Protein chains: 2
Amino acid sequence: MPTETTTERQYSIGDFAKAVGLTAPTLRYYETEGLIEPHRLANGRRYYEEADINWVKFLLHLKGTGMSISELKQYVVWRAAGDDTIPERLELLKKVKADFLVQFNEVQHHLQILNDKINWYEEKESGITDDPESFRAYLDRFGHHE
Amino acid sequence: MPTETTTERQYSIGDFAKAVGLTAPTLRYYETEGLIEPHRLANGRRYYEEADINWVKFLLHLKGTGMSISELKQYVVWRAAGDDTIPERLELLKKVKADFLVQFNEVQHHLQILNDKINWYEEKESGITDDPESFRAYLDRFGHHE
DNA sequence: TGTTGACTTAAAGTGTACTTTAAGTAATAT
DNA sequence: ATATTACTTAAAGTACACTTTAAGTCAACA
């Protein structure tokens, strides 16, 4: 039996960019920052494989939780260093999560205020809040949001 | 009976900065952007009043929902133009809210992936995930996160 | 009365994350 | 064969939201 070598699909930087929802320049930028390391064809052009898609998407998820490029880079460096750095990586991700949760709570509070204001404008538009009583009620509520 | 003129407290820019959790330079910057318009003492120094605290805090809530400085400025301009611009203001705030909710959902998904990864590291650290079965399970879960 | 600290302005600088440009090579379509 | 399109690099430019600097004024305290 010959070894079954499933030739993996090779993506040009343009096709890969579409696949992960970034631009080619952004991918090159991420590469200079050490986040990705694509392969090269004989003519010097980059190519990416399927596995790289998952990797970039995972990076974008981490980025979406608030990790900066430099934090991502640190994570990548630790990852490349092997399993010995799992504690460091775990600590970093936990810190990111903690920061995220703080932001998440704050942002929910901001939304609450935004909703209050939208409701207030809608009441005002429909003529309800021309009476000073409900305006006072609004102010009271606002006050409690600190 | 003489008119009871409760003299409002006047905040210097430094004290006001502390009160709203910003720096004096940031307050001056916001002023150049048209978000705030403090009063001036005879000697040219700015002073702020209690009502300005609520105003700035409200602006910061809006900012926290994703509004840019220029959107805040637009809001302020409309506000200064009077009640005729309530529809515009309402539309802006609704757009901000809609954008916020999209981001909010995305960010929750990012958190889910982050949590998965943290759990995976913790399992791996405690030696559970050395067996290929649960690693496959992890990969499956990961796959479903797209 | 001097010196410390807070204020004033305008302008330049910073950090983050890209984005764009320039100049050139290579592959594809007509 | 030629024109278009995608790629290559290094470097400069952009957007946003401040932050810092410089040079000077003003008020309060020892």
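Q: How far from a phosphate oxygen of DNA strand D does a polar side-chain atom of A:Arg40 lie?
A: This model is predicted: local features need pLDDT of at least 70, side-chain atom pairs count only at pLDDT 80 or more, and totals for chains, interfaces and linings use all residues. Residues are numbered from 1 along each chain as written, chains are lettered from A and ligands numbered from 1 in written order, and side-chain values use heavy atoms, without hydrogens and water. A polar contact is a pair of N or O atoms within 3.5 Å; within protein, one must be able to donate a hydrogen and the other to accept it, and residues adjacent in sequence count only if both atoms are side-chain atoms. For A:Arg40 the distance is 3.1 Å.

Q: Which residue of chain B has a side-chain N or O atom 2.6 Å from a phosphate oxygen of DNA strand D?
A: Chain A also reaches a phosphate oxygen of this strand, with a polar side-chain atom of A:Ser12 at 2.7 Å. On chain B, the residue at 2.6 Å is B:Tyr30.

Q: Which element gives the largest share of the surface near DNA strand D?
A: A residue is near a strand if one of its heavy atoms lies within 4 Å of it. Helices are DSSP runs of H or I, at least four residues, and strands are runs of E, at least two, numbered from the N terminus. The largest share is four residues, and they come from helix 2 of chain B.

Q: What share of the atoms of DNA strand C within 4 Å of the protein do sugar and phosphate account for?
A: Around DNA strand C there are 18 residues, and those that come nearest include A:Thr26, A:Lys63 and B:Arg46. Of the strand's atoms within 4 Å of the protein, the sugar and phosphate share is 79%.

Q: Which residue of chain B has a polar backbone atom 2.9 Å from a phosphate oxygen of DNA strand C?
A: From chain A, a side-chain N or O atom of A:Tyr30 is 2.7 Å from a phosphate oxygen of this strand. A polar backbone atom of A:Ile69 is 3.3 Å from one. From chain B, the backbone partner is B:Gly14.

Q: Where in chain A does A:Glu49 lie?
A: A:Glu49 touches (heavy atoms within 4.5 Å) A:Tyr11, A:Phe16 and A:His39, among others, not counting residues up to four places away in sequence. Strand 2 (46-47) comes on one side and helix 3 (50-64) on the other, so A:Glu49 lies in the loop between them.
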